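Hi everyone, thanks for making time. Let me put the structure up, and then we'll walk through what sits inside.

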Amino acid sequence: MLSQVTGKKATVVPIYKGGVRSVVGNYRPVSLTSVVCRQMEHVTAGHLRKVWEFSGWLYEGQHGFRPGYSCESQLVPFCQDIADSLDDRVRKDAKITDFSKVFDLVPHDRMLTKIATTGVYLRVVVWAQEFLLGRSQIVREDGRISEEVGVTSEVQQASVLGPLLFPAYVNDI
């Protein structure tokens, strides 16, 4: 789904990402924002990364959406831990959580509260609040337009800030 954003209102249009075209899950919401908004997101994200890396606030096992980390960098210690437990004949349990569609479920108020306690400038928290709160969207498909609805929980996937805010939200899990 492609979003055209005017202020805080988005027009969401389904964008096919692969698989069976009749399956709703094979389409993705992407929000496009203005150049000025993108620049502010970069400045804000840079500040958040700097503060969180310097303070060591982000859990070291959090590999998602972090520079220098990847699925592979998370898989290596996991496999090593399993190998060590097999060598030591120690039972290990693993819980794997499916975070698909998770960007759509992040409650803004809780995420902002978490960010505010991390040592970042209050103005950055206020900007993030303004960025997230008061948004609305409509969906346009085949010339039809839905009713406008408020967006109360979502981290925009195509935003610069979204992929940084999600790890911050789940950091204490």
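**The core and helix α3**

So, the largest nonpolar core has 25 residues, and L48, W52, M111, I115, V120 and L165 touch the most other members. By nonpolar core I mean buried Ala, Val, Leu, Ile, Met, Phe, Trp, Tyr and Cys residues joined through side-chain atoms within 4.5 Å. Buried is under 20% relative accessible area and exposed is over 50%, with a 1.4 Å probe and protein chains only. Two or more residues come from each of α1, α3, α4 and α5, and α5 gives the largest share, 6 residues.

A quick word on where this comes from: the model is predicted, so local features need pLDDT of at least 70 and side-chain atom pairs need 80 or more, while totals for chains, interfaces and linings use all residues. Numbering starts from 1 along each chain as its sequence is written, and side-chain values use heavy atoms, without hydrogens or water.

Now, which residues of α3 are buried? In this helix, residues 108-116, they are H108, M111, L112 and I115. They sit on the same side of α3 because they cover an arc of only 100° around the axis, going by the directions from the helix axis to the C-beta atoms. The face turned away from that side carries exposed D109, R110 and T113.

And what covers the buried residues? Among the elements are α1 (35-55), α4 (122-132), β8 (149-151) and α5 (162-170). Take I115: leaving out residues up to four places away in sequence, I115 touches L48, W52, V120, V125 and L165, where contact means heavy atoms within 4.5 Å.

Zooming out, the chain has 5 helices and 8 strands, which are DSSP runs numbered from the N terminus: H or I of at least four residues for helices, E of at least two for strands.
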